[in-house]
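Student: Could you take me through one corner of this model in some detail? I'd like to start from a single residue and work outwards from there.

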Amino acid sequence: MVIQIAPSILSADFSKLGEEMLTLEKGKADWIHIDVMDGHYVPNMSFGPMIVKTIRPFTKIPFDVHLMMDNPMDFVDEFIKAGADSITLHAEVLPHLHRSVAYLKDQGIGAAVALNPSTPLQVLDYVLQDLDMVLLMSVNPGFGGQKFIPGMLQKISSLKEMIEIKKSKAIIQVDGGISMENINQVAKAGATCLVAGSSVYNTGDPISMIAKLKEEGSR
Ligand code: DX5
Ligand code: ZN
C-alpha cells in the first residue's frame, strides 16, 4: 500500500516559506500540512490565513490545514478563501461537531476531524460517514519534535476497524513523532497519510527524506 506524506511546515524555515513550497514540490509531497495554533487551545502560536494566502501561489500541492484553536468555525471561511483544500477540526473544541463537518462539506473542501491522544474514538460514531479524513494525534498537540506515543498504534487499528464496519471512505492520518523508525508500523496499523515535521526537515534534506519516509512506510 502506497502511503501519502504530508510534511508539516511548522519545522520549515519561516523566513523563506515560498522557497520551502518549491522544495516540497521537488520532493513530491502529497499534501502540505499547515499547523495553525492559537496560543490558547494549544500552548504555542504559529500562522493564520494571511500566511496561507501568501504561500498559496507557490505550489499546486493541496493544503491540509490543521486548526489547533478555539472557535475554529470563526475562521474557516478565511482559511478556505486563503486556499485550504482540506480543513481539520479538533473534536474537543466543537459542541456541534456534526454541524461543523456539514459546513465544511457544503463548502466543497475536504472535511477532517482530529482527536487528541486521550480523546476516545467514540466521538466519531455519528460523523464518520461524512468525513474524508480522521487525524489521530500521536503526540499532545502544540509542538513539533515530540516523541510518538506508542499506545496510539492500537488506536489506529481500532479506528481502521471502525471505518470498515461503518463503510466510511475516511482515510486515517497520523500526526506527531513520525520517523523512519516507526513509519512502517504506523502504516501497518492502518494509517495511509503521515504527517512529518522534524523528520522531514531536521536532516537538512527534505527532498530525500520525503522519498525515504514514503518508501519505508509503503514497504
Ligand atoms: C503538533 C503538530 C504536528 C507537528 C508534527 O502539534 O500538529 O503537525 O508539527 O511535527 P513532528 O513530525 O516533528 O512531530
Ligand atoms: Zn498537525
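**Starting from a serine**

Tutor: Ser 86 counts as buried because its relative accessibility is just 4%; buried means under 20% relative accessible area, exposed over 50%, and partly exposed in between, using a 1.4 Å probe and protein chains only. One caveat before we go on: this is a predicted model, so local features need pLDDT of at least 70 and side-chain atom pairs count only at pLDDT 80 or more, while totals for chains, interfaces and linings use all residues. As for bookkeeping, residues are numbered from 1 along each chain as its sequence is written, chains are lettered from A and ligands numbered from 1 in the order in which they are written, and side-chain values use heavy atoms, with hydrogens and water left out.

Ser 86 sits in strand E4; helices (H or I, at least four residues) and strands (E, at least two) are DSSP runs numbered from the N terminus. Skipping residues up to four places away in sequence, Ser 86 touches Trp 31, Phe 63, Asp 64, Val 65, Gly 110 and Met 133, where a contact means heavy atoms within 4.5 Å.

Strand E4 (86-90) also meets a helix: the buried residues of H4 pack against E4, helix H3 (76-82) and strand E5 (110-115). Those buried residues of H4 (97-106) are Leu 97, Ser 100, Val 101 and Leu 104. Looking down the H4 axis, they fall within an arc of 100°, so they line one face of the helix; that arc is taken from the directions from the helix axis to the C-beta atoms. Turned away from that buried side of H4 are the exposed residues Arg 99 and Asp 106. After H4 comes Gly 108, with a positive phi near 75°.

Now for the ligand. Ligand 1 is surrounded by 20 residues, and the closest are Asp 35, Gly 142, Gly 145, Asp 175 and Ser 198; a residue belongs here if one of its heavy atoms lies within 4 Å. By type, the shell splits into eight nonpolar, 10 polar and two charged residues. Oxygen atoms of ligand 1 come into several pairings. A polar side-chain atom of Asp 35 lies 2.7 Å from one, and a backbone N or O atom of Gly 145 is 2.7 Å from an oxygen too. For Ser 198, a polar side-chain atom lies 2.5 Å from a ligand 1 oxygen. The protein covers 100% of the 380 Å² of accessible area that ligand 1 has on its own, by the Shrake-Rupley method with a 1.4 Å probe. Elements giving two or more residues to the shell are strands E2 (32-37), E3 (63-68) and E8 (193-196), with E2 providing the largest share, three residues.

Asp 175 leads to another serine. Among the contacts of Ser 138, leaving aside neighbours within four places in sequence, are Val 174, Asp 175, Gly 176, Lys 147 and Phe 148. Ser 138 lies in the loop between strand E6 (133-137) and helix H5 (152-165), and it is buried, with 0% relative accessibility.

Last, two loop residues. Asn 71, in the loop between E3 and H3, has a positive phi near 50° without being a glycine, and is exposed at 52% relative accessible area. Lys 167, in the loop between H5 and strand E7 (171-175), has a positive phi of about 50° although it is not a glycine; Lys 167 is exposed at 73%.

Notes. A polar contact is a pair of N or O atoms within 3.5 Å; within protein, one must be able to donate a hydrogen and the other to accept it, and residues adjacent in sequence count only if both atoms are side-chain atoms. Ala, Val, Leu, Ile, Met, Phe, Trp, Tyr, Cys and Pro count as nonpolar, Asp, Glu, Lys and Arg as charged, and the others, Gly among them, as polar.
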